[in-house]
Each structure stands twice: as C-alpha cells, then as structure tokens.
Amino acid sequence: MDGHPFFFLELLVFPPQFPNKRIGVLTSSHPNHDVDLPVTGPPLVLVFISLPTLSSVFILHFRTRSSLMENIKHSHIQVKGLKLHVAEIGTGSKAVVFLHGFPEIWYTWRHQMIAVANSGYRAIAFDFRGYGLSEQPPQPEKETMFDLVDEILGLLDALNITKAFLVGKDFGAFPGYFTAAAHPERVAAIITLGIPFMIPGKSGSRSHDELPNGFYITRWKEPGRAEADFGRFDVKSVIRNIYTLFSSSEIPIAADDQEIMDLFDPSKPLPPWFSEEDLQTYASLYEKSGFRYPLQVPYRSTNADGGLSDPKVSVPALLIMGEKDYVIKFPGIEDYIRSGAVKQFVPDLEITYIPEGSHFVHEQFPEKINQLIIDFLDKQSV
C-alpha cells in the first residue's frame, strides 16, 4: 500500500464510467474486473449500480490528492554554486522541467507534475535561485534572467538529463525561451503559458512604455518602491493581494496617489481555485526568501539582452493563452499573437486559447491544461 492513506470500500457494484488514467485500482476476485482510475481531478464521488449477474466483490482503493502530493520528492541540488530546492515525481525516461513565475514557486505546478508523471514522464519543478527554498545569490542586484538560463542548464547537468521538455509561465517563460534559442540541443520542446516569445532587451519591453506610470512593472522597477509598498503588510497579505489582483482581466495600474497594493479590495475573496492552504504554502516560502531577488529578476532586469543576436526558437513550441489574462491587453501583444507575427521567432508554434483563462490558467483549469500539455508532449520525440 506504499504507506499512504487509502479509502476502502467493499461493494457489490457496477461502475458506470471510469477514465483510463490511474489514481488507484478497482480490483475483484476476478482479474478481468480490474479498472484504472484517474490520478488527478476533484475528489471522486462514485455512484454504483449492482447487477444481479455480478457475483464477485469489488474492493476500491483510491488515494486522496494530499497523499499524491506526498509522492513528490524534495531535495537540494548544488547548481552553479547555489543549492536549489528541487521537487520531483515520476521515473519516466523523458524529463519535463517546470519553470515558475511570480509570485509563485515550484508548488504552482503541483497539478501538472502529478499529471505528467502519471503519463509516464519525469516531472521536475524547482525554485529559481532567490525564490522559495533555494539559496540566494551573493549579489542579487547584479542578476538577470540570463543567469536563470545557466541555472536551467546546470540543473539538467546535475540531474544527468541530456535533453528536456521545458514548461514555463509568467516570467518563467523567458529563460525557457532563451534556453531553447541558445541551446536547442538541450530542449526537446517548450510550452509556455500566458507569455509569448519576446526579443530580450529594451526592444522586447517597449510596449510597457505605452502604459501609464502606475503600471505595476514600471512601479516595481523603481528601487525601493515595491519594498516600501509590500513592507506595509505581512508576506501572506502581499501574496493574497497579488494573486487576487493578477487573477483579474485588467492590467494592474495604480493612480498617481496609489501604490499597487492599494488596488486590492479587501472584500474580494480568493479565487475559487486557490485555497487558504495554497496561500499559506506560498506565503511560508516567501517568508523564507523575501522579495529581494524576485524584484530584481524579473522586474529590474527586463532590459538585459544576454548577447543573443537574431534569436530564434527552432524547437516545437506550444503557447497557451487565457483570453481573460491581463497580459493579452498589453499594447500590441494580442495582435502579435493572433496575427502570427510571433512565428517569425518561433516558427514551429501551436497556439491554444482558453476563453475564461486568467493569468493563473494552470491552477484555474488544471485538468484542461494538463491534457493540453500531455497531448503536446506525446506528439514529440526526444
């Protein structure tokens, strides 16, 4: 039973429908009655109908979601002189490396990790340097997103992975894209959520210049400003405020007499797909790391170009965009994606839109995103 809590039911039953991916096994005294159950999804409510012709007794074993999370192994791995916190599940020969955004850490990929592991892949999510349980670099203010490219390559080397699939969201898409552009021999394919490929450096962020001065990235670029804004609240409140604000379809823009945290409406509840337990998990890890590095990377290093000339992502790519993601309202972004202009830089690109998807679409609609990811991965060869 592998030491995890199970529920047991002994029923004379006929199950009307079961998907064909595992969470447990419906077993009986007859081997032909074994049925697989799904590894992910909401808690199962099963309705059974007994049949007069069914004579064997079924025993249902299924694990709770929390026990599935317990199967994720955690370790610290030395990469480029820093100990990185790494979460891992699955033993498949093909590795999928997940790259988080802000205000996230490895935990943001919990649904996807379990799903891809169940589909035969080795799922790896880690906290970038300066985030969560990973160590801080000695001089955070000198770091850029290109340090994270070296970190991804160093992690692959440390784990003896020659080539991997990369999955990134929010700013995690950028080091993913840049790794694929500069080191295509190490990347089998790339999936990004909410962020299309953009040229690194000033030209890639010029749309920010068309937004008001109260635009959150502009505010957070200013040394000391976000620190003072966040410092008025405890860490848990900062994470709650950002998650709630950034789940909206509106770009977070403060008035001249406001800070970004002032945009939060205290009467607004957490999104229904984001629990108090989730919030506490994020908060506990940011209490450990603080916001010093996250404000530098990505926000205060967006103009770094990393020396990439004429960058192209030649590997297969999938972009998943929520149509209620505020990023799609950045000046020029929607046209850049829908017109196909992004394919100048990522020729082998598929684009999928999620009509009600927010900036956190992978947590909002985990089963839908899991299936999109798995279908795409299954089409690729390593």
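This tour proceeds from the whole chain to selected helices, loops and individual residues of a predicted model.

**The whole chain**

Begin with the complete chain, displayed as a cartoon. The secondary structure comprises 12 helices and 12 strands. Colouring by burial is instructive at this stage: of the 382 residues, 55% count as buried. The accessible surface amounts to about 16600 Å², and carbon and sulfur atoms contribute 53% of that area. If contacts with a separation of 6 or more are drawn, 76% of them join residues 24 or more positions apart.

**Helix α2 and its crossing with α12**

Select residues 110–118, which form helix α2. Eight of the nine residues in α2 are buried, namely R110, H111, Q112, M113, I114, A115, V116 and A117. Beyond the end of α2, select G120, which follows the helix and has a positive phi near 100 degrees.

Now add residues 366–379, helix α12, to the selection. The axes of α2 and α12 come within 9 Å of each other and cross at roughly 45 degrees. The two helices are therefore oblique to each other, and the crossing is right-handed. On the α2 side, the contact is made by H111, Q112, A115 and V116; on the α12 side, by P366, I369, N370, I373, I374 and L377. Displayed as sticks and coloured by residue class, the residues of this contact divide into seven nonpolar and three polar, with no charged residue.

**Two cis peptide bonds**

Step back along the chain from α2 to P103, in the loop that joins β7 (95–99) to α2. The peptide bond from F102 to P103 is cis, and its omega is near 10 degrees.

A second example requires a move to P298, in the loop between α9 (292–296) and β11 (317–322). Here the bond from V297 to P298 is cis, with omega near 25 degrees. Such bonds merit inspection because most peptide bonds are trans.

**Two residues with positive phi**

The next stops concern backbone torsions; most residues other than glycine have a negative phi. Select N160, in the loop between α3 (145–158) and β9 (164–169). The phi of N160 is positive, near 60 degrees. Is N160 buried or exposed? With a relative accessibility of 70%, N160 counts as exposed.

Continue past β9 to D170, which lies in the loop leading from β9 to α4 (173–182). The phi of D170 is also positive, near 50 degrees. In this case the relative accessibility is 7%, so D170 counts as buried.

**Helices α3 and α4**

Select α3 and α4 together. Their axes come within 9 Å and cross at roughly 65 degrees, and the crossing is right-handed. Which residues of α3 and α4 meet? From α3, the participants are M145, F146, L148, V149, I152 and L153; from α4, they are F174, P175, G176, F178 and T179. The residues of this contact comprise nine nonpolar and two polar, and none is charged.

**P200, in contact with F146 and F178**

Keep F146 and F178 displayed and select P200, which is found in the loop between β10 (187–193) and α5 (216–221). P200 has a relative accessibility of 9% and therefore counts as buried. A distance label between the C-alpha atoms of P200 and F146 should read 9.7 Å, although the two residues are 54 apart in sequence. Leaving aside residues up to four places away in sequence, P200 touches F146, F178, A304, D305, L308 and P311.

**L155, in helix α3**

For the final stop, return to α3 and select L155. Its relative accessibility is 1%, so L155 counts as buried. What does L155 touch, not counting residues up to four places away in sequence? The partners are I77, V79, V86, I124 and F126. A further label can be placed between L155 and Q78: their C-alpha atoms are separated by 8.2 Å, with these positions 77 residues apart along the chain numbering.

Notes: Residues are numbered from 1 along each chain as its sequence is written. This is a predicted model: local features need pLDDT of at least 70, side-chain atom pairs count only at pLDDT 80 or more; totals for chains, interfaces and linings use all residues. Side-chain values use heavy atoms; hydrogens and water are left out. Helices (H or I, at least four residues) and strands (E, at least two) are DSSP runs, numbered from the N terminus. Buried means under 20% relative accessible area, exposed over 50%, partly exposed in between (1.4 Å probe, protein chains only). Contact means heavy atoms within 4.5 Å. Accessible areas come from the Shrake-Rupley method with a 1.4 Å probe; for residues, only the protein chains shown count as cover. Axes are lines fitted to C-alpha atoms, for helices over the stretch in contact, and angles run from 0 to 180 degrees between N-to-C directions. Angles under 35 degrees count as roughly parallel, over 145 as roughly antiparallel, 65 to 115 as roughly perpendicular and the rest as oblique. A crossing is left-handed if the near helix is turned anticlockwise from the far one by less than a right angle, and right-handed if clockwise. Ala, Val, Leu, Ile, Met, Phe, Trp, Tyr, Cys and Pro count as nonpolar, Asp, Glu, Lys and Arg as charged, and the others, Gly among them, as polar.
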